[in-house]
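I open the notebook on a new chain. The sequence and the structure go in here, and my entries follow.

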Amino acid sequence: TYLNPKKIIRSIMNFVEHLEKIEGKTFNNTTKINLNVHIGCALERAVLHDSLVYDTDVCEEKIIKKEAYKEAAAIFQKSFRITLADDELYYLVDMVENAIEKQSTYTS
């Protein structure tokens with residue numbers, strides 16, 4: 001609604017590439033599409049100050065991964081002055097973990 005897809009898609013795709021590097025995995029096309037859509041929606045929510053609330057307990061490993069994702073998400077702050085909330089990043093960590101688990105199940 002508020003973000004111009006033509007302007008933001010390259011940054012979203014770069015962010016997903018950073019996530020692949022953080023994870024040491026290449027995501028399949030389904031995962032990339034799901035992440036692109038979710039991140040676009042998360043950025044819209046950030047603009048509207050209506051971010052998701054993550055109400056699940058987090059372990060130290062998830063906190064560390066969220067911090068790595070946060071560093072990668074700085075691309076949005078630099079380019080568009082949009083910051084993804086920690087709760088949104090925790091959801092992304094979960095999405096990526098689930099996607100990697102599914103990918104490994106299909107390739108095993």
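**Entry 1: confidence**

What pLDDT does the protein chain average? I find an average of 94, and 96% of the residues score at least 70. pLDDT is the predictor's confidence in each residue, on a scale from 0 to 100. Where pLDDT is low, the predicted coordinates should not be read in detail. I note that helix 3 has the highest mean pLDDT among the elements of the protein chain, at 97, and helix 5 the lowest, at 90. Helices here are DSSP runs (H or I, at least four residues), numbered from the N terminus.

Two reminders on method. This is a predicted model, in which local features need pLDDT of at least 70 and side-chain atom pairs count only at pLDDT 80 or more, while totals for chains, interfaces and linings use all residues. Residues are numbered from 1 along each chain as its sequence is written, and side-chain values use heavy atoms, with hydrogens and water left out.

**Entry 2: helix 1 and helix 2**

Two packed helices are described by the angle between their axes and the distance between the axes, so I looked up both. The axes of helix 1 (residues 5-23) and helix 2 come within 10 Å and cross at roughly 120°. The axes are lines fitted to C-alpha atoms, for helices over the stretch in contact, and angles run from 0 to 180 degrees between N-to-C directions. Helix 1 is therefore oblique to helix 2; angles under 35 degrees count as roughly parallel, over 145 as roughly antiparallel, 65 to 115 as roughly perpendicular and the rest as oblique.

Which residues make the contact? From helix 1 I list I8, I9, I12, M13, F15, V16 and E20, and from helix 2 K32, L35, N36, I39, G40 and L43. Contact means heavy atoms within 4.5 Å.

**Entry 3: E23**

E23 is found in helix 1. Is E23 buried or exposed? Its relative accessibility is 16%, so I enter E23 as buried. The cut-offs are under 20% relative accessible area for buried and over 50% for exposed, with partly exposed in between (1.4 Å probe, protein chains only). Leaving aside neighbours within four places in sequence, E23 is in contact with K65, Y69, V96 and I100.

**Entry 4: aromatic pairs**

Rings of Phe, Tyr and Trp (its six-membered ring) pair if their centres lie within 6.5 Å; planes under 30 degrees apart count as stacked, over 60 as edge-to-face and the rest as tilted. By this rule I get three aromatic pairs. One of them, Y54 with Y90, is stacked, at 5.3 Å centre to centre and 25° between the planes. This pair links distant parts of the chain, 36 residues apart: Y54 sits in the loop between helix 2 (29-47) and helix 3 (60-72), and Y90 in helix 5 (residues 86-107). Y54 counts as buried at 9% relative accessibility, and Y90 is buried with a relative accessible area of 9%. Ring pairs link Y54, Y90 and Y91 into a cluster.

**Entry 5: loops**

Most residues other than glycine have a negative phi. H49, not a glycine, has a positive phi of about 55°. H49 is found in the loop between helix 2 and helix 3, and at 74% relative accessibility I enter H49 as exposed. R81 also has a positive phi, near 60°. R81 is in the loop between helix 4 (74-80) and helix 5, and R81 counts as exposed at 74% relative accessibility.

T83 is placed in the loop between helix 4 and helix 5. Not counting residues up to four places away in sequence, T83 touches A46 and Q77.

Terms used:
Helix = DSSP H or I, 4+ residues; strand = E, 2+ residues; numbered from the N terminus.
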